[in-house]
Amino acid sequence: MHVPVVVLGGGPGGYAAAFLAADLGMQVALVERDERLGGTCLLRGCIPSKALLHVGRVLSESREMEEWGIRFDKPSIDVAALRARKDKVIGALTGGLSQLARRRNVTMVSGAARFVNSTTLEVSPAGGGDRQRITFDHCILASGSRPARIPAFDIGSPRVMDSTGALELADVPESLLVVGGGYIGLEMGTVYAELGSKVSVVELTDTLLPGADRDLVKPLQKRLEGLFESIMLRTKVVKLEEAKNAVRVTFEAADGQTTREFSRVLVAVGRRPNSDNLGLETTKVVVNAKGFVEVDDQQRTADPHILAIGDVCGEPMLAHRASHQGKVAVEVLHGEAAVFAPRAIPAVVFTDPEIAWAGLTENEATAAGRSVEVSKYPWAASGRAHALGRTDGLTKMLVDPETDTVLGVGIVGPGAGELIAEGVLAIEMGCSARDLMESIHPHPTLGETMAFSAENYFGVATEIYRPKADGGGR
Ligand code: FAD
Ligand code: NAD
């Protein structure tokens, strides 16, 4: 078979690219080794984790109601029904993708693909059978990523899981150790803790979510200290051993070694790009030391026939970045002057509270020695946050003091992941803090805290008194 465009990988990068290519009138084939479309995000990532986090949030909200005089009985949890409901969400969405592919006349090819040269893929069908060759003018490589493994933790025990295993929700273990205090560790730790496991987190560095600003992490850490059994920072797992109905774990910290047993262990220490076993050595594609495929700002690799998008070509490994890059790659093939040059790629950690940021962070500004003004609006001043009983949030804005341009936004609090979209638009449009302050936001909402944070930059936030000596006023 020969096609002008073939997309390798049916995740959020690959299917977005294939669908746009079809919409623009290109003849396109999509190769996927999994039986279903959706990739990591839909089948074993974003969507199942958010479905389970929704359940966790309902459980915690029902507990919070006690403060308001409303008491619910202790919930009874039917794990099989919960698992089935989560799988139903995945089924509906992946079924929808297949229909969309069919309607768009995208040629679906099922099997694992390898490059044979710069213009040929060989596809091995999942169930065996004859290999198929596809020649192409251009390939968009969207093979994604997989969980990073630590060889010493591969003890062959079903009690040691990665994120895929944790999302399968085989049971609710009595105790769970999460290795890695990043996105997955904290999201999945939250799910299991809400369902009733005693969760401990061990993190190598001195903070949870090392990439995020400290003031955003602080309210989350405080809440997790109540929800989790323990949070061990600056601590390393040096050994895992199978024990009777448990995994024995040896920790090493500044004060020496300790040993504890857990019913299950979740290893969530990052992800690695799927750039190996693809035959890329038969092409001109360059893979860097971390395994990421190198691309320019048009998603072109060093091979003129191959573009790459999503997790396989660098960080941040996020679904919306993958889809956006997929669209840029297709527009480039369509002859448009498209580039991937975002001012803001939003990041959201869907814990409770959620943490979200976009554009410049305070960590980055400090590291670059860049002078910015940081305006913070604590949710303790927000009527809506009080009405929700969640005054632990914060909305902050990084502003260029010369031009008043909004360079970055950071939010912690329930719903931060929804609220950050306004920050993304503000940064992309080059808005000034005044634009945000003078746009009328609905009251009472958490969205108002964006405008109030901008007001606070000018020293005139209604609910915050700043004495004149403090630089108050415009
Ligand atoms: P993938 O989604 O990994 O898709 C790659 C596809 O290529 C796969 O379907 C794979 O089977 C296929 N493939 C690979 N090699 C071959 C081959 N040789 N032949 C044929 N097919 C092949 N991101 C967010 O933005 N928000 C979230 O809330 C979020 N939550 C997450 C939660 C978890 C637990 C995990 C693990 C990840 C999460 N992510 C989240 C990250 C997100 O899933 C990825 O960034 C995203 O899926 C990357 O998309 P992609 O298209 O580049 O690759
Ligand atoms: P991560 O990079 O977010 O966090 C890994 C953590 O593990 C880091 O804090 C790191 O310091 C720590 N660590 C590394 N080695 C360790 C060790 N030996 N012992 C203890 N701690 C160790 O990685 P992740 O949580 O595995 O997630 C992978 C990627 O998937 C994320 O970076 C993100 O791109 C994506 N993801 C996104 C979302 C979201 O958008 N909400 C959710 C889940 C995953």
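**Cavities, a pocket and two ligand sites**

The second largest cavity is bordered by Asp213, Leu216, Trp357, Leu360, Thr361, Glu362, Lys396, Leu398, Val409 and Gly410. This description, like everything that follows, concerns a predicted model. The volume of the second largest cavity is about 30 Å³. Two strands, S21 (394-399) and S22 (406-413), each contribute at least two residues to its lining. Sorted by class, that lining holds five nonpolar, two polar and three charged residues.

How many cavities of 30 Å³ or more does the count give? The count comes to two. The largest cavity has a volume of about 50 Å³, and its lining is made of Pro147, Ala148, Ser163, Ile184, Val267, Ala268, Val269, Gly270 and Arg271. Six of these lining residues are nonpolar, two are polar and one is charged.

Attention can now turn from the cavities to a pocket. For the second largest pocket, the volume is about 660 Å³. It is lined by 28 residues, and those closest to its centre are Arg57, Ser60, Glu64, Asp352 and Arg390. Which helix gives the most to this lining? Helix H3 does, with 10 residues. At least two lining residues come from each of H3, H6, helix H7 (214-227) and helix H10 (383-388). The class count for the lining of the second largest pocket is nine nonpolar, eight polar and 11 charged residues.

The surroundings of ligand 1 come next. This ligand is surrounded by 38 residues, of which Glu32, Thr40, Lys50, Asp311 and Ala319 are the closest. Several polar atoms approach its oxygen atoms. The side chain of threonine 40 places a polar atom 2.6 Å from an oxygen atom of ligand 1, and aspartate 311 has a polar side-chain atom 2.9 Å from an oxygen atom of the ligand. With methionine 317, a polar atom of the backbone is 3.1 Å from an oxygen atom of ligand 1. On its own, ligand 1 would expose 990 Å², and the protein buries 94% of that area.

Many elements take part in the shell around ligand 1. Those supplying at least two residues each include helix H1 (12-23), strand S2 (28-32), helix H3 (46-64), strand S4 (112-117) and helix H8 (319-333). Helix H2 (39-44) is also on that list, and H2 gives the most, with four residues. By class, the shell has 16 nonpolar, 16 polar and six charged residues. Where does ligand 1 sit with respect to domain 1 and domain 2? Ligand 1 lies between them, because domain 1 (2-146 + 272-333) and domain 2 (151-269) both give residues to its shell.

Ligand 2 has 23 residues around it, and Glu187, Glu203, Gly270, Met317 and Val348 come nearest. In the side chain of glutamate 203, an N or O atom is 2.7 Å from an oxygen atom of ligand 2. Backbone atoms also play a part here: isoleucine 184 has a backbone N or O atom 2.8 Å from an oxygen atom of ligand 2, and for tyrosine 183 a polar backbone atom is 3.2 Å from an oxygen atom of the ligand. Taken alone, ligand 2 exposes 840 Å², of which the protein buries 80%. Helix H6 (residues 183-195) gives the most to the shell around ligand 2, namely four residues. The shell divides into 13 nonpolar, six polar and four charged residues. Domain 1 (2-146 + 272-333) and domain 2 (151-269) each provide at least three residues of the shell around ligand 2.

Technical notes. Residues numbered from 1 in each chain as written. Chains lettered and ligands numbered in written order. Predicted model: local features only at pLDDT ≥ 70, side-chain atom pairs only at ≥ 80, totals over all residues. Heavy atoms only, no water. Near = heavy atom within 4 Å. Polar contact = N/O pair within 3.5 Å; in protein donor to acceptor, adjacent residues only side chain to side chain. Areas by Shrake-Rupley, 256 points an atom, 1.4 Å probe, with all protein chains shown as cover. Nonpolar A, V, L, I, M, F, W, Y, C, P; charged D, E, K, R; others polar. Domains from an automatic or database assignment. 1 Å grid on protein atoms, 1.4 Å probe; cavity = no way out; pocket = protein on both sides within 12 Å on 5 of 7 lines; lining within 4 Å. Points joined across faces, edges and corners; volume = space filled by probe spheres on them.
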